[in-house]
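Here are my notes for you, written as numbered points. Keep the structure open while you read, and check each point by eye.

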Amino acid sequence: MDRRSGRSEGCRRNWRGAALAGGMGLLAACEQGPQSALHPAGSNAEAILDLTLLLVAGGGVIFLFVMALAGYAVIARPERFPGSRAWIIGGGIVFPIVTLTALQVYEFAVARQLSDTGGVEPLRIEVTGHMWWWEVRYPGVGEGDEVLRTANRLVIPAGRPVEVVVTAADVIHSFWVPSLGGKMDMIPGHENRLILVGERPGTYRGQCAEYCGAQHALMAFDVVVEPPERFEDWLAAERRPAAEPDGPQQAAGRDAFLRAGCGACHTVRGTPANGAAGPDLTHVGGRGALAAGTLPNTPEALAGWIAGAQHIKPENRMPSFPILGGDDLHAIAVWLESLK
Ligand SMILES: [Cu+2]
C-alpha cells in the first residue's frame, strides 16, 4: 500500500504496466532488476515514475499531433486550412500556457511529496562520497558520542522514511538509488538532503551519478531494506566490535593485517587499526560486494583485491600489496571474511 495516497498496488501496477508496454516498449526491457527507476520499491520513487510517464506520454501525444498537423498543412490546399489566426493564438499561446502551468503545479506537488516524511520522524544517515567508495554513518546509534560507521552499504527499515544527508570528501559525486528515490549531488563542504522510502524489503543498487574520475563506473553501493525488527537486529550486530579470531589461521590473518599497515587507512573496531582513509572493515565479511560493487565478497576475490587493487580498479586510493606472500594474503582474506 502507498503510504500517502492509499491507492492499491495492483491498480497502480496496471496503468503503469500499460504505459510502459505502449509508449516505452524499448525501456520496458529494463523495468526489472535492483537498479531501475521503472520498478519502484517505495512511494518517492513511484511519484517520480508517475511524473516521468506523464511527461513522456503527454510529450509524445503532443508531438504526434503537431507532426500530423504539419503533414496536413503541406498537402492540404490553403482554402481547406482556414483560421490560421485561431491556430496561432490557441495552439501557440493558450495551449502551452495552460499545459505548462498545470505541469508546473503538479511538479511542485511531487517535489513537496519527495521532501515530506508524512509526520514520521525519519531515520538519519550520513553518506560521504569518496573517490571511489561510500562512507556511511548512523549518528546517534553508537555508544555515547560514538557514531556507527560502515561503508558501501546502507541498511534501512522498511516503511520508515530515511533522511540521507550527503556530502563529498574530494570531488562532486551524486547519490542515486533509482528504485527508492531521487538523485542528489554530493558537494565537498556542503550538505544536501534527500528522503528515501523503501516499502518492499529487498536489496537495491545505488550508483554514483556524477562523473568523478577514472573509476566513477565502479562506484556502486547496496541499499538493503529490512523489516523493522530485522533492521534493529542488524544495528545491534553492526555496533559490536569485530569478532575475535576463531582459530590460528584467523589469528595469523589479523596479525598480518596489522603488520602490513592496513590499519593506517582502515578501521577494524576491537583492534588497533583505526585509519579513516578507506572503508571501515569491522563487518566487511557481511557486505554484499567488495570495493564499491567491484568484486564479489569471497575470500578469493578479497585476496586478489589486496594483491592487485591497482590492477582491478586503477588509480583507486589503495595501493596493491604484491609483497604479501600467499599464506599472509590467504590468512588476511579468511580473517576479514569472518568479520560478519
Ligand atoms: Cu562518480
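**Notes on the model**

1. Let's start with one charged pair: R230 and E226 form a salt bridge, and their closest N and O atoms are 3.6 Å apart. E226 has 15% relative accessibility, so it counts as buried. Bear in mind throughout that this is a predicted model.

2. Another pair to find is R254 with E244, whose side chains meet in a salt bridge at 3.8 Å, N to O. R254 sits in helix α5 (residues 248-259), while E244 belongs to the loop between α4 (228-239) and α5, so this pair ties together parts that are 10 residues apart in sequence. E244 counts as exposed because its relative accessibility is 58%. There is also a network: R124, E126, E135, R137 and R149 are joined by salt bridges that share partners. Over the whole structure, the search finds eight salt bridges.

3. Now for the five-stranded sheet. It is open, its pairing is mixed, and its strand order is β3-β2-β1-β5-β8. At the edges you'll find β3 (148-151) and β8 (192-196), each of which pairs on one side only. From one strand to the next, the twist averages 25°. Try tracing the pairings: β2 (residues 133-138) runs antiparallel to β3 over four bridges, and E135 stands opposite A151 in β3.

4. Stay with this sheet and look at β5 (residues 162-168). How many of its residues are buried? Seven of the seven are, so the strand is largely enclosed by the rest of the structure. In a regular strand, side chains alternate between the two faces of the sheet. Here V162, V164, V166 and A168 point one way, E163, V165 and T167 point the other way, and all are buried.

5. What about the neighbours of β5? Strand β1 (residues 123-130) runs parallel to β5, joined by seven bridges, with L123 standing opposite V162. β8 pairs with β5 in the antiparallel sense over five bridges, and N192 in β8 is the bridge partner of V166. A salt bridge links these two strands as well: R193 meets E163, with the closest N and O atoms 3.3 Å apart. Since R193 lies in β8 and E163 in β5, the pair ties together parts that are 30 residues apart in sequence. R193 counts as partly exposed at 40% relative accessibility, whereas E163 counts as buried at 17%.

6. There is an open sheet of three strands too, in the order β4-β10-β9 and with mixed pairing. β4 (153-157) and β9 (202-207) are at the edges with a single partner strand each, so one side of each has no neighbour in the sheet. Ignoring direction, neighbouring strands here are turned by 25° against each other on average. β4 and β10 (residues 220-226) run parallel and are joined by five bridges; one place to check is L154, whose bridge partner in β10 is V223.

7. Last, have a look at helix α2. Its 33 residues should span 48 Å at 1.5 Å a residue, and the end C-alpha atoms are 48 Å apart, which agrees. Among the buried residues of α2 are S43, N44, A45 and L53. L64, also in α2, counts as exposed because its relative accessibility is 58%. L64 belongs to a nonpolar surface patch of about 790 Å², together with I62, F63, F65, V66, M67, W87 and F95. Which helix gives the largest share of the patch? That is α2, with six residues. Both α2 (43-75) and α3 (84-115) supply at least two residues each.

Notes:
Residues numbered from 1 in each chain as written. Predicted model: local features only at pLDDT ≥ 70, side-chain atom pairs only at ≥ 80, totals over all residues. Heavy atoms only, no water. Patch = residues over 30% accessible without salt bridge, like charges linked within 9 Å, V, L, I, M, F, W, Y side chains within 5 Å. Areas by Shrake-Rupley, 256 points an atom, 1.4 Å probe, with all protein chains shown as cover. Salt bridge = Lys/Arg side-chain N within 4 Å of Asp/Glu carboxyl O. Buried < 20%, exposed > 50% of the residue type's maximum accessible area, 1.4 Å probe, protein only. Pairing = 2+ DSSP bridges. Axes fitted to C-alpha atoms, helices over the stretch in contact; angles between N-to-C directions. Expected span 1.5 Å × (residues − 1).
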